[in-house]
Amino acid sequence: IFFLVAVFLSSAYCSGEWLILAINSYKDGFYSAALKYSEEYLKGENSDIPYGKYIMGLSLYRLKRYKRAELAFKEIIFDHPGFSKLNSVYLYLGITLFQNGNTKEAFKNLQKLKNTPKEPSAYYYEGIFHKRLGKNGKALKSFSKLIEKHITSPLWDNGVLETAYIHHSMK
């Protein structure tokens, strides 16, 4: 049924409406629909628009299609180095690289984010990656930096909880 609706809509919607459908579907948690709509949006004249590729990459990430998400994020970085959501692209690329087993490159992407003052998520995910790799000392350092540098961040609480968890598990 979804395919029939998409075929019908493809003749009814102009390109801008595809992007609106993709964004709204993504926000509502309908990642398969967001992926389909973003792919429709990227056909033809919109193939070089980074926001459509960004929604596609996020949808692929949420659907756990990490290899394709990785490619989408890398294309944005390569083709659109001035994209307004580039920090988010680096973050999600780092997470997808980690999920794909490429930990070295994942840490490199997070390092790029750590150089921006408003990105506490880089420290948080660096800590999570170290924790998953069993490197509790390094994880604690990352969480400590998050706690120290980003006290007003919503991730601050998570950093405190992760630090407490690691301290408890090391006893």
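These are my notebook entries on what I looked up in this predicted model.

**Entry 1: the whole chain**

I started by counting elements. The protein chain has 10 helices and 0 strands. Reading along the sequence, I get the pattern α-α-α-α-α-α-α-α-α-α. Next I checked burial: of the 171 residues in the protein chain, 46% are buried. Then I looked at contacts with a separation of 6 or more, and 46% of those in the protein chain join residues 24 or more positions apart.

**Entry 2: helix α5**

I picked α5, which covers residues 66-79. This helix has 14 residues and runs 20 Å from its first C-alpha to its last, close to the 20 Å expected at 1.5 Å a residue.

Which residues of α5 are buried? I found Tyr66, Ala69, Glu70, Ala72, Phe73, Ile76 and Ile77. Looking down the axis of α5, I see these buried residues fall within an arc of 165 degrees, so they line one face of the helix. A reminder to myself: an α-helix has 3.6 residues a turn, so residues three or four places apart point the same way. On the other side of α5 I noted Lys67, Leu71 and Phe78, which are exposed.

**Entry 3: the loops on either side of α5**

Before α5 I stopped at Lys64, in the loop between α4 and α5. Lys64 is exposed, with a relative accessible area of 61%. The phi of Lys64 caught my eye: it is near 65 degrees, a positive value in a residue other than glycine. For background, most residues other than glycine have a negative phi.

After α5 I went to Ser84, in the loop between α5 and α6. Is Ser84 buried or exposed? Ser84 has a relative accessible area of 69%, so I wrote down exposed, the cut-off being over 50%. I also looked up a pair here: Ser84 and Tyr51 are 33 residues apart along the chain, and their C-alpha atoms are separated by 9.2 Å.

**Entry 4: Ser38 and Gly52**

Ser38 sits in helix α3, residues 31-41. With a relative accessibility of 0%, Ser38 counts as buried, because buried means under 20%. What does Ser38 touch, leaving aside neighbours within four places in sequence? My list reads Ala22, Gly52, Ile55 and Met56.

Gly52 was on that list, so I followed it up next. Gly52 belongs to helix α4, residues 50-62. Gly52 is also buried, with a relative accessible area of 0%. Leaving aside neighbours within four places in sequence, I found Gly52 in contact with Leu19, Ser38, Tyr41 and Leu42. Gly52 and Ala34 are 18 residues apart in sequence, and I read 9.9 Å between their C-alpha atoms.

**Entry 5: helix α8**

On to α8, with 13 residues. Its reach from first C-alpha to last is 19 Å, close to the 18 Å expected at 1.5 Å a residue. How many of the 13 residues in α8 are buried? I counted 10, which leaves α8 mostly covered. Among them are Tyr123, Tyr124, Glu126, Gly127 and His130. Just after α8, I noticed that Gly134 takes a positive phi of about 80 degrees.

I zoomed in on Ile128, which lies in helix α8. Ile128 has 11% relative accessibility and counts as buried. Leaving aside neighbours within four places in sequence, Ile128 is in contact with Phe143 and Glu162. Ile128 and Ser142 are 14 residues apart along the chain, with 8.7 Å between their C-alpha atoms.

**Entry 6: α6 against α8**

Last, I looked at how α8 meets another helix. Two packed helices are described by the angle between their axes and the distance between the axes. Helix α6 (residues 86-99) and helix α8 (residues 120-132) pack at an angle of about 5 degrees, with their axes 11 Å apart. That angle makes α6 roughly parallel to α8, because angles under 35 degrees count that way.

Which residues meet here? From α6 I listed Leu91, Gly94, Ile95, Phe98 and Gln99, and from α8 Ser121, Tyr125, Phe129 and Arg132. I sorted the residues of this contact into 5 nonpolar, 3 polar and 1 charged.

Methods
Residues are numbered from 1 along each chain as its sequence is written. This is a predicted model: local features need pLDDT of at least 70, side-chain atom pairs count only at pLDDT 80 or more; totals for chains, interfaces and linings use all residues. Side-chain values use heavy atoms; hydrogens and water are left out. Axes are lines fitted to C-alpha atoms, for helices over the stretch in contact, and angles run from 0 to 180 degrees between N-to-C directions. Helices (H or I, at least four residues) and strands (E, at least two) are DSSP runs, numbered from the N terminus. Angles under 35 degrees count as roughly parallel, over 145 as roughly antiparallel, 65 to 115 as roughly perpendicular and the rest as oblique. Contact means heavy atoms within 4.5 Å. Ala, Val, Leu, Ile, Met, Phe, Trp, Tyr, Cys and Pro count as nonpolar, Asp, Glu, Lys and Arg as charged, and the others, Gly among them, as polar. The expected span of a helix is 1.5 Å times one less than its number of residues. Buried means under 20% relative accessible area, exposed over 50%, partly exposed in between (1.4 Å probe, protein chains only). The arc is that of the directions from the helix axis to the C-beta atoms.
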